[in-house]
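Trainee: I would like to learn how to read a fold from its strands, its core and its cysteines. Could you take me through one example?

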Amino acid sequence: MVHNRSVSSSARPAAAQQGSGQVEKIVGLLFQAVGLLQDHFASCAASCGLSVAQAAAIQQMRGPLTMRELADRIGCDPSNVTGITDRLEARALVVRQLDPADRRIKMLVLTSAGAELRGRLQEQLLNRPAPITGLNGEEQDQLHDLLQRALPTVREQPGS
């Protein structure tokens, strides 16, 4: 005789069902927020004349970075960073420089035009992010604290 080891939803305690429903609602709201933020990011990138990938790269460049570091920060394969960098370099927004410690490594550095564009992009990104602007300062602090607790592996990066 085979026993079904899964527990039906009707057999779960009411508190667990209610908690599961709340988690589902929270996950849904987080996905909506992420979608709004992605749309906002894409809009800001376009207004700066950048693709989303180029804007992500520019946004992460707070100082010299290796191409591998940039790939890690924007979550792509290092081979993709070459094309992104080529396009940014063609627009005189970044330059490749040899790492003085290891001349085999190329460092990506924002030009003055790239730094100015990064500033404009950051200003737009932080000026009106849809899900956050509807919250007052205290609510923003609460959201920040809750997200820090919920995402313990997330560390604030300098300049963010």
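Mentor: We shall go through the sheet, the core and the cysteines in turn, keeping in mind that this is a predicted model.

Trainee: In what order do the strands of the open sheet lie?

Mentor: One reads a sheet by asking which strands pair. Here the three strands lie in the order β1-β3-β2 with antiparallel pairing, and the edge strands, β1 (65–66) and β2 (94–99), each pair on one side only. Between β1 and β3 (residues 102–110) the antiparallel pairing runs over two bridges, and L65 has L108 as its bridge partner in β3.

Trainee: Which residues of the largest nonpolar core touch the most other members?

Mentor: Among its 24 residues, these are L50, I58, M61, L70, L88 and L121. At least two core residues come from each of α1 (14–47), α2 (52–60), α3 (67–74), α4 (78–90), β3 and α5 (112–127), while α2 gives the largest share, four residues. If we follow L70 and leave out residues up to four places away in sequence, L70 touches A57, Q60, M61, L65, V81 and L108, and the last-named residue, L108, is also the bridge partner of L65.

Trainee: How many disulfides does the structure hold?

Mentor: The count is zero. For C44, the nearest cysteine sulfur belongs to C48 and is 7.0 Å away, whereas a disulfide needs the two sulfur atoms within 2.5 Å.

Trainee: Are C44 and C76 buried or partly exposed?

Mentor: C44 counts as buried because its relative accessibility is 0%, whereas C76, with a relative accessible area of 23%, is partly exposed, since buried means under 20%.

Methods: Residues numbered from 1 in each chain as written. Predicted model: local features only at pLDDT ≥ 70, side-chain atom pairs only at ≥ 80, totals over all residues. Heavy atoms only, no water. Pairing = 2+ DSSP bridges. Core = buried A, V, L, I, M, F, W, Y, C linked by side-chain atoms within 4.5 Å. Buried < 20%, exposed > 50% of the residue type's maximum accessible area, 1.4 Å probe, protein only. Contact = heavy atoms within 4.5 Å.
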